[in-house]
Amino acid sequence: MLSFTVFLRSRRYFAPAFLFFCFAMVFSTWVTYIPVIVDKLEISEGQLGVALFFASLGSFLMIPVSNRLIDVLGVGRQTFFGFIFYATSVYGMFLAPTYILLCIALFYFGLMSSVFVIALNSLLANVELKAGRNIMTGSHGFWSVGGIIGASSGGFLAGKIGMPILHLTVLLSILIAAQIMLRNAYYHIKGETPSSGKRRKFPVRPLLAVAIIGLILMASEGAIADWSALFLQREVELDKYMLGFGYALFSLGMTIGRFSGDDLSFKLGSWKLLRIAIGTSLLGFVLVLNVQPAITLAGFMVIGLGFSVIVPEIYRLASRIDGVKTSDGVSFIAAVSNVGFLIGPVFLGLIAEAYSLLISFFVLSLFVCFAFIISLFKK
């Protein structure tokens with residue numbers, strides 16, 4: 001296993017992994033302020049779900065463009081500029097004075113998230129391939145660390161200070177400055193050169209099972225990220241300053257799992273590890289649905305522990321398909337998973353509008369059960 005300390009000692013590993021940390025800090029800050037934005041615009045759960053659909057639409061429409069941009073710009077350069085455009089796109093949601101403008105801002109946010117996420121995961125696959133050792137799961141662990149810090153500090157600042165624009169501006173200034181200093185470690189990486197004169201083919205059939213699991217689990221992760229604060233506010237009735245702790249504990253579980261995931265994958269094999277991980281997440285959903293403060297918060301942590309290795313593992317599977325270019329396999333999974341990450345919150349919002357957030361989380365657990373069934377029949 002490539003430990004956390006080894007990342008810190010090696011700039012070529014740390015720089016792309018730290019991008020996941022920055023990614024999570026930006027995303028968790030947006031998640032933390034969702035209840036504030038909902039209250040400011042006076043919109044319902046259903047309206048929020050529809051608004052989040054525009055982020056899904058933007059992400060989906062940008063998938064083919066993002067993949068072609070890698071060929072033109074190079075994977076390192078696109079990752080760097082993709083992060084800057086992704087991070088600054090959050091201003092749109094914070095500043096939107098009307099519901100319509102919120103939808104437009106989320107559409108742009110979806111466009112930029114697709115550009116950045118596909119480039120970032122393709123970059124990591126290239127670094128892992130050149131390194132000749134597993135760093136995928138450990139690198140994703142930096143996302144979890146960023147989620148813990150971003151959600152816990154963001155929730156506290158949102159509840160105590162209430163200055164979202166100042167909070168976002170200071171955060172982005174620090175993160176973008178850090179990337180300017182680190183970019184030389186990855187900026188030059190081009191990625192694999194596509195064969196000229198040949199139409200690019202995505203490996204749909206050999207990756208169908210892992211793509212479905214990735215779609216479901218990333219949809220669930222996105223739903224937890226976007227709705228956990230409102231779930232804790234409306235179903236569990238926690239105080240405002242504690243609303244970010246659901247996602248923070250979820251991220252803590254992700255961190256614990258991800259910094260040991262590479263070793264577990266080697267010992268157990270990918271599919272056995274996926275079955276154990278999905279089963280663990282189902283136990284977490286049982287605890288969350290209890291709606292008792294301590295038990296629910298513990299449940300978010302257990303779900304994070306289960307989810308931790310799933311997405312990195314399917315990226316690893318995608319990068320090792322015979323006859324399929326590493327960048328194509330990984331970008332395909334990244335694209336499908338990213339769509340799921342943004343569709344999940346929309347789905348949850350529509351159910352919450354019709355019934356309740358409690359029912360929507362229950363339905364979400366049923367979809368995770370379906371992913372578990374798929375894993376049982378795949379060797």
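This is a short walk through a predicted model, from the overall fold to a few individual residues.

Let's begin with the chain as a whole. Its secondary structure comes to 15 helices and 0 strands. The chain has 379 residues, and 59% of them count as buried. Contacts often bridge long stretches of sequence: if you take those between residues at least 6 apart, 86% join residues at least 24 apart.

A good place to look at helix packing is the pair formed by helix 9 (residues 208-234) and helix 10 (residues 245-268). Their axes lie 8 Å apart and make an angle of about 145°. On the helix 9 side, the residues that meet the partner are E221, I224, A225, S228 and L232, while helix 10 brings G246, Y247, F250, M254 and R258. Sorted by character, the residues of this contact divide into 6 nonpolar, 2 polar and 2 charged.

Now follow the aromatic side chains, which give you plenty to explore: a search of the whole structure finds 23 aromatic pairs. Take F80 and F81, neighbours whose ring centres are 5.1 Å apart; their planes stand at 70°, which is over the 60 degrees needed, so the pair counts as edge-to-face. The two partners are not covered alike. F80 has a relative accessible area of 7% and is buried, whereas F81, at 36%, counts as partly exposed. F80 also has a charged companion, since the charged end of R183 sits over its ring, 5.8 Å from the ring centre.

Another edge-to-face pair is made by F142 and F259, with ring centres 5.8 Å apart and planes at 70°. This one links distant parts of the chain: F142 belongs to helix 7 (residues 136-160) and F259 to helix 10, and 117 residues separate them. Both F142 and F259 are buried. Ring pairs can also join up into something broader, as in the cluster that links F23, F27, W30, F83, Y86, F109, F116 and W143.

F23 from that cluster leads us to L120, a residue of helix 6 (residues 99-131). Although L120 and F23 are 97 residues apart along the chain, their C-alpha atoms are separated by 9.8 Å. What does L120 touch, not counting residues up to four places away in sequence? The answer is P16, L19, F20, F23 and T79. With a relative accessibility of 1%, L120 counts as buried.

One of those partners, T79, sits next in sequence to our next stop, Q78, which has its place in helix 5 (residues 75-95). Is Q78 buried or exposed? Its relative accessible area is 2%, under the 20% cut-off, so Q78 is buried. The side chain of Q78 reaches the backbone nitrogen of I70 at 2.9 Å. Beyond its neighbours within four places in sequence, Q78 is in contact with S66, L69, I70, L73, V115 and A119.

Finally, turn to helix 13 (residues 310-318), where 9 of the 9 residues are buried. The buried residues include the charged E313 and R316, along with I310, V311, P312, I314, Y315, L317 and A318.

Methods. Residues numbered from 1 in each chain as written. Predicted model: local features only at pLDDT ≥ 70, side-chain atom pairs only at ≥ 80, totals over all residues. Heavy atoms only, no water. Axes fitted to C-alpha atoms, helices over the stretch in contact; angles between N-to-C directions. Helix = DSSP H or I, 4+ residues; strand = E, 2+ residues; numbered from the N terminus. Contact = heavy atoms within 4.5 Å. Phe/Tyr/Trp six-rings, centres within 6.5 Å; stacked < 30°, edge-to-face > 60°. Buried < 20%, exposed > 50% of the residue type's maximum accessible area, 1.4 Å probe, protein only. Lys NZ or Arg CZ within 6 Å of the ring centre and 35° of its normal. Polar contact = N/O pair within 3.5 Å; in protein donor to acceptor, adjacent residues only side chain to side chain.
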